[in-house]
Amino acid sequence: ASWPHSGAITVQNLEVKYAPDLEPVLHHISFSVEGQEKVGLVGRTGSGKSTIALALFRFVEPSDGKILIDEIDISSIGVEDLRTRITIIPQDPILFTGTIRSNLDAFAQYEDSEMLESLRRVHLIPSEEDDEETTSFSGDNINLFKNLDTPVSEGGKNFSQGQRQLLCLARALLRSSKIILMDEATASIDFAMDEKIQKMIRTEFADCTILCIAHRLRTVIDYDRILVIDRGNVMEFDSPYNL
Ligand code: ATP
Ligand code: MG
């Protein structure tokens, strides 16, 4: 797990089409994100934000240009390998049917104590320092996540969207992912939960590169830089202060 060690991302001249006969949805875009940088990705619906995420994960292959992570062209990395080394947190994560444990540790690699620690760090298990507000992260049943054998029903429907995102973040902590791409939940999620997740990203993921697709500028206003995408082009890439 030595790559990526810094988590720098360089997008060079990237063009993406969803089919050879379709118009490109990303028009030769270029930008670089430093290791450990926190970047908010904003833009209108259909502007190409999720497509950037898909390209980073090689769910779509570029028709031109490339993406480098710590100087390595991701097209030279096996797809499965790539996807274990960076974490994507979708808007509405699907969990596996099973238990909390099987969702955190599909290959039985981790100790229970490590899993419990990661759940504590994302506040699904309240820690002693947690105030009442943070404790409410885990919802009404605060004992749910203390038991790693708590069942997860199909898709994870017995958990809220926010809880499922937090569980994905706990998994990212276990794997020591250096790059996390988060597709922020839509307006349906409560803003309080949203703010808590953002605050937690700041503290627990300080040494990770974070790309967060946000629907409101407000969500990512304390990020290092904001990348504004418009119709498949980079419009701005600057600190929120300068925008
Ligand atoms: P939103 O804010 O609504 O999530 P977005 O910025 O993430 O939007 P994308 O999902 O990246 O936008 O879509 C960019 C463009 O690519 C849109 O015009 C969309 O219609 C098109 N597109 C997305 N997915 C596909 C697909 N599977 N096949 C064909 N076109 C697609
Ligand atoms: Mg999208």
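Before the helices, one definition: an axis here is a line fitted to C-alpha atoms, for helices over the stretch in contact, and angles run from 0 to 180 degrees between N-to-C directions. And a caveat: this is a predicted model.

So, the helix pair. H6 covers residues 161–175, and H7 covers residues 191–204. Their axes come within 11 Å and cross at roughly 10 degrees. Angles under 35 degrees count as roughly parallel, and H6 and H7 are therefore roughly parallel to each other. Who touches whom? From H6 we have Gly162, Gln165, Leu166 and Leu173. They meet Met193, Ile197 and Glu204 in H7. By class, that contact has 4 nonpolar, 2 polar and 1 charged residues.

Next, the sheet. It is open, with 4 strands and antiparallel pairing. What is the strand order? S2-S1-S4-S5. The edges are S2, residues 26–33, and S5, residues 72–73; each of these pairs on one side only. Look at the S5 end. S4 spans residues 64–69, and 2 bridges join S4 to S5. The two run antiparallel. Isoleucine 69 stands opposite isoleucine 72 in S5.

Now put a helix on that sheet. H1, residues 49–56, lies across S1, S2 and S4. Against S1, residues 9–16, H1 runs at about 110 degrees.

Last, ligand 1. Which residues are around ligand 1? Start with Tyr18, Val25 and Gly43. Then comes a run: Thr45, Gly46, Ser47, Gly48, Lys49, Ser50 and Thr51. How does the shell divide by class? Into 2 nonpolar, 7 polar and 1 charged. Note the overlap: Lys49, Ser50 and Thr51 are around the ligand, and H1 covers residues 49–56.

How values were computed:
Residues are numbered from 1 along each chain as its sequence is written. Chains are lettered from A and ligands numbered from 1 in the order in which they are written. This is a predicted model: local features need pLDDT of at least 70, side-chain atom pairs count only at pLDDT 80 or more; totals for chains, interfaces and linings use all residues. Two strands pair if DSSP finds at least two bridges between them. Two residues are in contact if their C-beta atoms, placed from the backbone, lie within 7 Å. A residue is near a molecule or strand if its C-beta atom, placed from the backbone, lies within 6 Å of it. Ala, Val, Leu, Ile, Met, Phe, Trp, Tyr, Cys and Pro count as nonpolar, Asp, Glu, Lys and Arg as charged, and the others, Gly among them, as polar. Angles under 35 degrees count as roughly parallel, over 145 as roughly antiparallel, 65 to 115 as roughly perpendicular and the rest as oblique.
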